[in-house]
Amino acid sequence: MHCESSIFDGDIDRTGYMYMKNRIKLKGRIKTYIQFSIYLGVLLCVVDIAMFMINLRAGALLAGYTLVYFGITLSLYFYNKPIIMNELVSFATEYGQIQRKLLRDMDLPYALLDDNGKVIWTNTAFESVIHQPKGFNKSITALFPNITRDRLPDDSGLDEAQYELEYEGSEYVAKFKKVSLKEMAEHSDMIDAADYNGYLIAAYLYDETALHIALQEVDDQSLAVGMIYLDNYEEALESVEEVRRSLLIALIDRKVNRYISALDGICKKLEKDKYLVIMRKQAIAQLQESRFDLLEEVKTVNIGNEMAVTISIGVGLDGLTYAQNYEFARNAIDLALGRGGDQAVIKTPESITYYGGKSQQVEKNTRVKARVKAHALREIITSKDLVLVMGHCMPDADSFGAAVGIYRIAQTLGRKAHIVLNDVPASIAPMVELFKNNPEYEEDMIVGNQQAIDEANSNCVLVVVDVNKPSITECPELLRFCKSVVVLDHHRQGTETIENATLSYVEPYASSSSEMVSEILQYTYDNIKIRTEEADCMYSGIMVDTNNFMTKTGVRTFEAAAFLRRNGADVTRVRKLFREDALEYKAKADTVSQAEIYRQYFAISVCTADELPSPTIIGAQAANELLNIKGIKASFVLTDYQGKIYISARSIDEVNVQVIMERLGGGGHLSTAACQMEGTGIIEAIGALKRTIDSMLENNEI
């Protein structure tokens, strides 16, 4: 191999020269040409033999001539062969020098490596790239650390390889090709390849810096579509004097238009509270760097309005067409509104990114939307023969209470209905017992997953309550068997949603799904009557999700509770449903007492209630209790249950625990959220939670 590189450089000494001259074995046409006179001599011998058979004197004369011919031919052959060999080697050497000069002066950076990845030859262009003089003979890994020996061509079958590299601010595509010495010798008409083994590696560097810069520039100049909605337009106007309302609108318009114009974008007002925005992708990158500070700037508009104005932003990027970007923007703004508003959402074909979302959504006083949804739900149910109702896995009081409310609607409209409930957690067992063995209710009111799948058909509607994430529903497979699906939920929407729902009513401002169903009940049927068991269950759902009316409680929450009280809900009976036994109370107290205060404002604890049937419920209750500690802004309780780590997250108003849980694969509300982690232990889960909190605090995301 060293000999080959020496030849390539043209530095051949006398010994090497003689060595190569003696080792060359002729073959092919040149060998035939040199030995042609000997072949003619053999033919002459055959003719001479034939001549002897015809005439002895002529044969003898020809034999003498043949001997003279062979003498002259062999002497010339052995005398001229070294001279010819010398000329061939000289020609090859001169030809190699020409090739070497052409390769060395070639503009494309080129290098030869040995089979271990060591550089044995470089051309001028390669040396200028790596800023190393001629004779650099270190491993290629010393120049490009990510190009290790196992990534280069070898004897295992990898003949070529290509990688993207960055070196001293420039971007290259590096190509490596295996060059077999034996194959090179076999293509020669002059030398024999029998003794040529091993291989070299040819390395090429293609500078694509300019191409990448051009592509990035084109990408930065591509158009993005955005939509801006005012979340609380009507409410904000009502909170200011009538003579100042036009001024408030003008100030908001100016704030939004100036902000977009500063980014070289176009902002067009479509309706009184909606804007269409067109800008370059580069401007979106600037918005991301500033974390969409327009969300906070709009809140500073104040001319005496008691309520700060909040906006939602939806942006569509990287679509194949402008129309697709517009559709992405529509989906993004729907997500932003579905998650409570006061946030920005960027949607691309590959991902969805969220910004903001730190404010609690203001409850809307109007019930128009509830009435419209109630009428739509009634139309859907009356057009079907069977109604299936399911909540989330490991259902709580709110999930079961909302399901009972939908069951009552279906019964009132004269339709067969089932509540899908596979396993009954201990937390809702007293509520479920109200309906079992109760002569007022059918025996198959509550069914398991398999029975629900067996009965599902094209003339069936599936109503999903208290969840909008398909993977955590009670029976995810049921979504595939039911063509008509209705979603009623109060949790903020995430990236994963139930697609193609016939009716979707997701209101993050609502305190609970039971509150939403209580409102719908009042508009579904005139003077509808619900039984005391049903009223108790729905009232229980509201109490659990509002932590006894202390969180996320608005005017409509109390109105829903009043409606249930008028229909027989009893506070004393409900309180008895939630009484804890001594072990549960002790487990909750232990969880609270063992809490760690992290970063001054975050309480983290572990619930070790393994012997209890529903330890996750205890964990959620403990998380609520931890918020009673002065100075705590958010609490997190981890529970190891059935091979998963369940995290219950709670806050009052200063920290959005939903975005924290979303980073860990979960979701929920601004003040109430959770997640599940598989394949990890408690220690690892706590570490992941702390790293997430640290990262989001550093980036001012919470």
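The following dialogue examines how several descriptive terms apply to this predicted model.

User: What makes the pair of Tyr539 and Phe549 tilted?

Analyst: The search of the whole structure finds 13 aromatic pairs, among them Tyr539 and Phe549, with 5.9 Å centre to centre and 55° between the planes. Planes under 30 degrees apart count as stacked and over 60 as edge-to-face, so an angle of 55° falls to the tilted class.

User: Where in the chain do Tyr539 and Phe549 lie?

Analyst: Tyr539 belongs to helix 21 (residues 532-545), and Phe549 to the loop between helix 21 and helix 22 (555-566). The two residues are 10 residues apart, and the pair links distant parts of the chain.

User: Why is Tyr539 called buried?

Analyst: Its relative accessible area is 8%. Buried means under 20%, and Tyr539 is therefore buried.

User: Why is the pair of Phe602 and Phe636 called tilted?

Analyst: The ring centres of Phe602 and Phe636 are 6.5 Å apart, and the planes stand at 35°. Because stacked requires under 30 degrees and edge-to-face over 60, the angle of 35° makes the pair tilted. Phe602 is in strand 19 (residues 602-607) and Phe636 in strand 20 (residues 634-641), with their positions 34 residues apart in the chain.

User: How do you know whether Phe602 and Phe636 are buried or exposed?

Analyst: Phe602 has a relative accessible area of 3%, and Phe636 has a relative accessibility of 0%. Buried means under 20%, so Phe602 and Phe636 count as buried.

User: Which residues are linked into a cluster by ring pairs?

Analyst: The cluster consists of Phe400, Tyr407, Phe435 and Tyr441. Tyr441 also has Arg531 over its face, at 5.2 Å from the ring centre.

User: How do you know that the distance of Arg151 from Tyr163 suits a charge over a ring?

Analyst: Arg151 lies over the face of Tyr163, at 4.0 Å from the ring centre. The distance cut-off is within 6 Å, so the value of 4.0 Å satisfies it.

User: Why is helix 20 called oblique to helix 21?

Analyst: The axes of helix 20 (residues 513-524) and helix 21 come within 8 Å and cross at roughly 140°. Roughly antiparallel applies over 145 degrees and roughly perpendicular from 65 to 115, so the crossing is oblique.

User: Which residues make this contact of helix 20 with helix 21?

Analyst: Helix 20 contributes Ser514, Glu515, Val517, Ser518 and Leu521, while helix 21 contributes Met538, Gly541 and Ile542. By class, the residues of the contact divide into four nonpolar, three polar and one charged.

User: What makes Ser170 buried?

Analyst: Ser170, in strand 4 (residues 170-180), has a relative accessible area of 19%. That value is under 20%, so Ser170 is buried. Apart from residues up to four places away in sequence, Ser170 touches Leu165 and Thr209.

User: Why does Gly41 count as buried?

Analyst: Gly41, in helix 4 (residues 36-54), has 0% relative accessibility, which is under 20%, and therefore counts as buried. Leaving aside neighbours within four places in sequence, Gly41 is in contact with Tyr69 and Phe70. Gly41 and Leu67 are 26 residues apart in sequence and 9.2 Å apart in space, C-alpha to C-alpha.

User: Why is Lys483 called exposed?

Analyst: Lys483 is in the loop between helix 19 (478-481) and strand 16 (484-489). Its relative accessibility is 72%, and exposed means over 50%, so Lys483 is exposed.

Definitions and conventions. Residues are numbered from 1 along each chain as its sequence is written. This is a predicted model: local features need pLDDT of at least 70, side-chain atom pairs count only at pLDDT 80 or more; totals for chains, interfaces and linings use all residues. Side-chain values use heavy atoms; hydrogens and water are left out. Rings of Phe, Tyr and Trp (its six-membered ring) pair if their centres lie within 6.5 Å; planes under 30 degrees apart count as stacked, over 60 as edge-to-face and the rest as tilted. Helices (H or I, at least four residues) and strands (E, at least two) are DSSP runs, numbered from the N terminus. Buried means under 20% relative accessible area, exposed over 50%, partly exposed in between (1.4 Å probe, protein chains only). A charge sits over a ring if NZ of Lys or CZ of Arg is within 6 Å of the ring centre and within 35 degrees of the ring normal. Axes are lines fitted to C-alpha atoms, for helices over the stretch in contact, and angles run from 0 to 180 degrees between N-to-C directions. Contact means heavy atoms within 4.5 Å. Ala, Val, Leu, Ile, Met, Phe, Trp, Tyr, Cys and Pro count as nonpolar, Asp, Glu, Lys and Arg as charged, and the others, Gly among them, as polar.
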